[in-house]
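Student: Please take a close look at one part of this model: the aromatic pairs and the residues around them. What holds there, and how is each pair classed?

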Amino acid sequence: SLRDYYQQHGYLTKEGWAEHELSGLKRVQTFRYVMDAEIPAQRLRPSDSVSEADVMFDRGTELMRKGGHGGLPALYREKPMIEAAAVFRELIEKYPSSDKIDDAAFCLGEIHKQYLKDQEQIAVQWYERAFAWDPATPHPARFQAAVVYDYRLHDRDRALELYRLVLAEEMSHRTNVDFATRRIEQLTKETSRSAGVRNI
């Protein structure tokens, strides 16, 4: 409103200031603070090929690439990552039947896990949406969620469930399957030892 007021009354310098502030706000990541509002419902299904969604997905992945995804995590740039996240969320909201929604959800998991501080709870929700929306998703969403639950959130029970799902559903990712197999064995032993100590 302030920008529009200055524009209508010919205050060009102040209009420029207001426009600068607006563009800065667009780069700030916002939260909805209620997880059900932050993450769309599980019932979505990626059933349609939607060309507009495909274009948005390509734009989002290009922004991730510009932000440093695929390189050294420590050298990433936050601004393109936040912009990419906004594109992926918009894709899901605008085209909820697109066959790209599970891909966008996985990318959102990656962004929240690797590039945005203290957002592991949001990351696992996006990973879980990826395989809830498309159980045959080509992405290792179950594995990535398991690792976050295991090492960052310390929810070993949920991690164990997901590692077992990796063995059932993500066999094409051989390295992840090997890791999941070892981790299931370790966590099962830890659980057995803890139960033994409690029974003494």
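Tutor: A polar contact is a pair of N or O atoms within 3.5 Å, one able to donate a hydrogen and the other to accept it. Keep that cut-off in mind. The model is predicted.

Start with the frame. The protein has ten helices and zero strands. Along the sequence the pattern reads α-α-α-α-α-α-α-α-α-α. Of its 200 residues, 41% are buried. Among contacts with a separation of 6 or more, 61% join residues 24 or more positions apart. The accessible surface is about 11700 Å², and carbon and sulfur atoms hold 52% of that area.

Now helix α6. His112 lies in this helix. Its relative accessibility is 0%, so His112 counts as buried under the 20% cut-off. The side chain of His112 makes a polar contact of 2.5 Å with the side chain of Gln119.

Next, the rings. A pair of aromatic rings is described by two values, the distance of the centres and the angle of the planes. Centres must lie within 6.5 Å for a pair to count. The rule gives ten aromatic pairs. One of them joins Phe106 and Tyr127, with centres 5.5 Å apart and planes at 50°. That pair is tilted, because its angle is neither under 30 degrees nor over 60. Phe106 sits in helix α6, residues 101-114, and Tyr127 sits in helix α7, residues 120-133. The two rings are 21 residues apart in sequence, so the pair ties those parts together. Both partners are covered: Phe106 is buried at 9% relative accessible area, and Tyr127 is buried at 0%.

A second pair is formed by Tyr163 and Phe179. Their ring centres are 6.3 Å apart and their planes meet at 50°, so this pair is tilted too. Tyr163 belongs to helix α9, residues 156-169, and Phe179 to helix α10, residues 174-199. Here the separation is 16 residues, so the pair ties together parts of two helices. Burial splits the partners. Tyr163 is buried, at 0% relative accessible area. Phe179 is partly exposed, at 25%.

This second pair also has company. Tyr163 and Phe179 belong to one aromatic cluster with Phe143 and Tyr151.

To recap: one tilted pair links helix α6 to helix α7. Another links helix α9 to helix α10. Helix α6 also carries His112, whose side chain has the 2.5 Å polar contact with Gln119.

Note on methods: Residues are numbered from 1 along each chain as its sequence is written. This is a predicted model: local features need pLDDT of at least 70, side-chain atom pairs count only at pLDDT 80 or more; totals for chains, interfaces and linings use all residues. Side-chain values use heavy atoms; hydrogens and water are left out. Rings of Phe, Tyr and Trp (its six-membered ring) pair if their centres lie within 6.5 Å; planes under 30 degrees apart count as stacked, over 60 as edge-to-face and the rest as tilted. Helices (H or I, at least four residues) and strands (E, at least two) are DSSP runs, numbered from the N terminus. Buried means under 20% relative accessible area, exposed over 50%, partly exposed in between (1.4 Å probe, protein chains only). Contact means heavy atoms within 4.5 Å. Accessible areas come from the Shrake-Rupley method with a 1.4 Å probe; for residues, only the protein chains shown count as cover.
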